[in-house]
Amino acid sequence: MSSTRRTAVVTGVLFLVTEVAAIGGLVLYGPVLHDAGYVLGPGADTRVFLGAMCELVLALAVIGTGVALFPVVKRQNEGAALGYVCGRLLEAAVIVVGVISVLSVVTLRRESAGAPVGDADSLVTAADALVAIHDRTFLLGPNFVLGANTLVLACLMYRSRLVPRPLAALGLIGGALICASATAVLFGLYAQVSAAGSLAALPVFAWEVGLAAWLLAKGFTGTEVPGGTEVPGGTVQLPNTAEKWAASPETVGGHSLAPR
């Protein structure tokens, strides 16, 4: 297996991990996100801890996709490729802030177990504030920043034809749509976890799953040619052979490089 093929497989696996971890974290966080009295009750701390682990795995996989893709996409546009890596780092950092806020609710619940009854209102207020921080990180990280990152990567893929253009076009649509949806949520047009929000997230979800499936099954398009050196984007560097010299001697660099 060539290095580019291995990169494609690793990237595909990491994209699938991000999808599974994101859904797992959202489901497992249910009690602390939707129960206003969680901080006063018996809690479901183990479930919340599992959700936090899912989101930490999500953050690591998000960074991994950027790092894994960088050697390939930098050959198309190094500035955009570096921007994608930085965007993925920012997305992961925002996710981790959300994890910290949720774990802080659990800590608050445990440390306030013997608190006077009169402190209940202040405890609920503090827990609500922490949950609100998580909700905003969820809006900024896996929505705004994810949308921007998707646009950058899909544009690189579309221009370089590293994946089929219809798939890359789906990424462009998904990135733009999720950014627009996040803006609508920010201005209170609808809730983030709602039918409208879920529909707006479907194209970017389909893009990431489709990209993962394509990379696992096919790899990057036009990166390998028998007898040549793999060069992503469809450009093939042939070995220094008599056939290459006969086809275009000026590209060899002079008679000193010609086969003898």
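## Disulfides and cysteines

This predicted model contains zero disulfides. In general terms, a disulfide is a covalent bond between the sulfur atoms of two cysteines. A pair of cysteine sulfur atoms would have to lie within 2.5 Å to be counted as a disulfide.

The solvent exposure of two cysteines can be stated. Cys-86 has a relative accessible area of 43% and is therefore classed as partly exposed. Cys-155, with a relative accessible area of 33%, is likewise partly exposed. Both values fall in the interval between the limit for buried residues, under 20%, and that for exposed residues, over 50%.

## Overall fold

The secondary structure of the chain comprises eight helices and zero strands. Followed along the sequence, the elements give the pattern α-α-α-α-α-α-α-α.

The chain has 260 residues, of which 41% count as buried. Its exposed area is about 12800 Å², and carbon and sulfur atoms account for 69% of that area. Sequence separation within the contacts can also be described: among those between residues at least 6 apart in sequence, 71% link residues at least 24 apart.

## A buried glycine in helix H3

Helix H3 spans residues 45-73 and includes Gly-66. The relative accessible area of Gly-66 is 0%, so this glycine is classed as buried.

Which residues does Gly-66 touch, leaving aside those up to four places away in sequence? The partners are Tyr-84, Val-85 and Arg-88. For one of these, Val-85, the separation is also available: Gly-66 and Val-85 are 19 residues apart in sequence, while their C-alpha atoms are 4.6 Å apart in space.

## A nonpolar surface patch

Ile-23, Val-27, Leu-199, Leu-202 and Phe-205 together make a nonpolar surface patch of about 470 Å². Two elements each give two or more residues to this patch, namely helix H1 (3-28) and helix H7 (195-217).

Which helix supplies the largest share of the nonpolar patch? That share, three residues, comes from H7. On the side of helix H1, Val-27 is one of the patch residues and lies within that helix. The patch thus brings together residues from two helices, H1 and H7.

Key. Residues are numbered from 1 along each chain as its sequence is written. This is a predicted model: local features need pLDDT of at least 70, side-chain atom pairs count only at pLDDT 80 or more; totals for chains, interfaces and linings use all residues. Side-chain values use heavy atoms; hydrogens and water are left out. Helices (H or I, at least four residues) and strands (E, at least two) are DSSP runs, numbered from the N terminus. Buried means under 20% relative accessible area, exposed over 50%, partly exposed in between (1.4 Å probe, protein chains only). Contact means heavy atoms within 4.5 Å. Patches are made of residues with over 30% relative accessible area and no salt bridge: like charges are joined within 9 Å, nonpolar side chains (Val, Leu, Ile, Met, Phe, Trp, Tyr) within 5 Å. Accessible areas come from the Shrake-Rupley method with a 1.4 Å probe; for residues, only the protein chains shown count as cover. A salt bridge is a side-chain nitrogen of Lys or Arg within 4 Å of a carboxyl oxygen of Asp or Glu.
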